[in-house]
Amino acid sequence: MRIVDLRSDTKTQPTPEMRRAMATAEVGDDMAGEDPTVNRLEAMAAEMLGKEAAVFVTSGTQGNLIGILSQCQRGEEVIGGDRSHIIRAEGAGASVLGGVVMSALPNDERGLYDAGLLETAIHDDALGYPRTRLVALENTHNSMGGAAISPDEMEPIIEAARSRGLAVHIDGARLFNAAVALETPASELVKDADTVTFCLSKGLGCPVGSLLCGSADAIAEARRWRKWLGSAMRQSGIVAAAGIVALESMIDRLADDHVNARRLADGLGSIDGVSVGAAVQTNLVFIQVDRPDGAEIARKLDERGIRVGARAGGVWRLVTHNDVSSDDVDYALEVIESTLAE
Ligand SMILES: Cc1ncc(COP(=O)(O)O)c(C=O)c1O
């Protein structure tokens with residue numbers, strides 16, 4: 001059966017070139033800093049993001065977690081958007097493991113929040129409050145339709161944070177999607193951030209891994225946290241090798257995913273009972289399926305090989321990636337339309 005998996009860009013299979021690179025990777029003991037492939041990947045990541053250093057971590061969640069824990073002490077506060085992945089989808093790990101308070105401001109439709117509100121939410125040293133230490137942003141913004149956020153849009157928030165001496169962390173799980181959509185170097189998008197996470201395992205197609213980038217001091221502290229979390233790895237060059245392939249050859253092609261996402265959104269928007277959410281800027285398409293039997297339709301689609309991310313309230317997320325061609329998009333549209341018409 002023909003399968004078109006639109007649930008997430010995390011479903012991507014490693015490319016043949018990645019598998020070859022993994023099979024032949026030169027490796028060593030990464031925890032001792034002796035894995036040449038990991039060292040190369042980390043140096044590439046730091047350079048591409050314009051930061052002094054980078055550390056290879058197991059996941060985006062771990063990159064964000066270590067980014068927070070290495071900059072916040074127990075009882076200190078992180079402020080982020082209420083729809084951000086860090087606040088709603090990472091199990092409050094920084095609270096569980098580091099006693100960090102996670103506070104949320106309402107996200108707007110671009111995945112930002114009001115800088116004025118941020119200013120009033122920041123607690124300095126008043127004894128009764130957690131001391132605010134770090135401000136978090138997300139780019140692209142997953143739950144706000146994959147919005148690619150420009151430096152100008154981020155500026156008021158970063159300015160407010162800076163004026164109060166706070167650190168800034170960017171969850172750039174899909175940072176390169178933002179860079180490609182905005183035709184802006186990734187380094188420009190994160191120039192004012194102290195730490196940034198980006199994922200290899202999403203649109204870039206790798207099986208495993210993310211990078212946390214920042215100053216040499218921040219990343220030295222992050223390495224300590226990675227060890228405390230039991231995630232300092234050994235011959236991890238095996239997986240880092242796929243990351244090098246991704247950084248060399250999988251970034252520009254993200255533009256194809258964005259074209260495919262718009263094609264999908266246009267097609268879905270013309271189907272009765274379906275409305276498309278936010279303007280599609282990158283590879284995420286959110287739709288509203290106004291049907292009481294929406295969950296049943298999603299199940300039928302799954303049986304027919306079309307996998308969609310059906311969520312509560314008739315909201316579906318569909319994601320384009322390296323394993324979804326424009327032909328697959330057309331085929332998925334045909335099956336979705338005919339299934340809805342039954
Ligand atoms: C915006 C964002 N940040 C972080 C993550 C976490 O990444 P991981 O699944 O590798 O932990 C995700 C995963 O979907 C994400 O969408």
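User: What makes the 2.8 Å between an oxygen atom of the ligand and a polar backbone atom of G60 a polar contact?

Analyst: A polar contact is a pair of N or O atoms within 3.5 Å; within protein, one must be able to donate a hydrogen and the other to accept it, and residues adjacent in sequence count only if both atoms are side-chain atoms. The ligand oxygen and the polar backbone atom of G60 are 2.8 Å apart, so the pair meets the distance limit of 3.5 Å. This is a predicted model, in which local features need pLDDT of at least 70, side-chain atom pairs count only at pLDDT 80 or more, and totals for chains, interfaces and linings use all residues. Residues are numbered from 1 along each chain as its sequence is written, and side-chain values use heavy atoms, with hydrogens and water left out.

User: Which side chains have a polar atom at 2.6 Å or 2.8 Å from the ligand?

Analyst: An N or O atom in the side chain of D171 is 2.6 Å from a nitrogen atom of the ligand. A polar side-chain atom of K202 is 2.8 Å from a ligand oxygen. The protein covers 84% of the 390 Å² of accessible area that the ligand has on its own (Shrake-Rupley method, 1.4 Å probe; for residues, only the protein chains shown count as cover).

User: What makes a residue part of the surroundings of the ligand?

Analyst: One of its heavy atoms must lie within 4 Å of the ligand. The residues around the ligand include S59, T61, N64, H85, E90 and R174. Helix 3 (residues 60-69) gives the most to this shell, with 3 residues; helices (H or I, at least four residues) and strands (E, at least two) are DSSP runs, numbered from the N terminus.

User: How is the protein chain divided into domains, and how much area is buried between them?

Analyst: Domain 1 spans 11-249 and domain 2 spans 253-341, with bounds from an automatic or database domain assignment. Their C-alpha centres lie 28 Å apart. In contact (heavy atoms within 4.5 Å) are 21 residues of domain 1 and 15 residues of domain 2. The two domains bury about 1400 Å² between them, 53% of it on carbon and sulfur atoms; buried area is the accessible area (1.4 Å probe) that two parts lose on being put together, summed over both.

User: Why is the peptide bond from N139 to T140 listed with its omega value?

Analyst: This bond is cis, with omega near -5 degrees. T140 is in the loop between strand 5 (131-138) and helix 7 (151-163).
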